[in-house]
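Grab your viewer and work through a few exercises on this one. Each task comes with a worked solution, so try it yourself before reading on.

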Amino acid sequence: MEPQLPRIAVIYATDQGSTCEIAEFIAESLRARGATVELADVEHAPDLTRFDVVVLGSAVHDMALLPNVAEYVHHHVEELNAVPVWLFSVGAGPALRGPIGRRIAAHVPKKIAALRDAIHPVEYAAFAGHYERVGVSLPARTLYRLMGGGRYGDLRDWNAIIGWTTSIARTLRLPQPLSTPTHP
């Protein structure tokens, strides 16, 4: 008899779409390995009792996960602690370069660390997202450059995202993918 593959909820909150696209890729990658996966934004999150695993992602603003994710974690902390959880965030920090930027990128902000520690994820990963110059004030652009921001646009490192997703699949002992999902 074949082992039953896990039921996985991939839940996310996005601001400009990067986190949604990463969550979609993760969901499709795990689905391609035979897992039952439900993808939902945090506002329409499914009942967690139906799932064996949760992957939770959020955009980062002001060094914190989006408020609706923080609220979701606080309201569902018991359910999230009852299953393996993988947590990811999407912001500009992981794209920073140079000595100051790498130091900032390696630091987990206090508000994110508090939510992370409340749900004890198997793993937490921070990914870069989109960071567009348009609409960003001169002081914010200057600070971004001083911290090691080298460019604007799509800063996502898809190899890192693929590696993290593969790590989830290995931990869950999922079979090799039946197809290879593509990213945007």
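Buried means under 20% relative accessible area, exposed means over 50%, and partly exposed is whatever lies in between (1.4 Å probe, protein chains only). We're working on a predicted model, where local features need pLDDT of at least 70 and side-chain atom pairs count only at pLDDT 80 or more, while totals for chains, interfaces and linings use all residues. Residues are numbered from 1 along each chain as its sequence is written, and side-chain values use heavy atoms, with hydrogens and water left out.

**Exercise 1. Classify E38 and its salt-bridge partner, and place both along the chain.**

Step 1: a salt bridge here is a side-chain nitrogen of Lys or Arg within 4 Å of a carboxyl oxygen of Asp or Glu. By this rule the count comes to five.

Step 2: E38 pairs with R50, and their closest N and O atoms are 2.5 Å apart. The two residues sit twelve residues apart, E38 in strand β2 and R50 in the loop between β2 and β3. Strands are DSSP runs of E with at least two residues, helices are runs of H or I with at least four, and both are numbered from the N terminus.

Step 3: E38 has 27% relative accessibility, so it counts as partly exposed. R50 is partly exposed as well, because its relative accessible area is 40%.

**Exercise 2. Which residue does R7 bridge to, and what else is found in that partner's loop?**

Step 1: R7 meets D52 in a salt bridge, 2.8 Å from N to O. This pair links distant parts of the chain, with R7 in strand β1 (residues 7-13) and D52 in the loop between β2 and β3, 45 residues apart.

Step 2: R7 is partly exposed at 31%, and D52 is partly exposed at 30%.

Step 3: D47 also has its place in the loop between β2 (36-41) and β3. The side chains of D47 and T49 are joined by a polar contact of 2.9 Å. That term covers N or O atoms within 3.5 Å; within protein, one must be able to donate a hydrogen and the other to accept it, and residues adjacent in sequence count only if both atoms are side-chain atoms.

**Exercise 3. Describe helix α7 and what its buried residues pack against.**

Step 1: α7 covers residues 158-171 and reaches 20 Å from its first C-alpha to its last, close to the 20 Å expected at 1.5 Å a residue. The expected span is 1.5 Å times one less than the number of residues.

Step 2: its buried residues include W158, I161 and W164. The buried set packs against α1 (18-31), β3 (53-61), β5 (85-91) and β6 (123-128), with contact meaning heavy atoms within 4.5 Å.

Step 3: check the ends. A side-chain oxygen of D157 reaches to within 3.1 Å of the backbone nitrogen of N159 at the start, and R173, which follows the helix, has a positive phi near 60°.

**Exercise 4. Find aromatic pairs that involve α7.**

Step 1: rings of Phe, Tyr and Trp (its six-membered ring) pair if their centres lie within 6.5 Å; planes under 30 degrees apart count as stacked, over 60 as edge-to-face and the rest as tilted. The count comes to four.

Step 2: F25 and W158 are edge-to-face, at 5.4 Å centre to centre and 70° between the planes. F25 belongs to helix α1 and W158 to helix α7, 133 residues apart.

Step 3: F127 and W164 are edge-to-face too, at 5.6 Å and 75°. Ring pairs link F88, F127 and W164 into a cluster.
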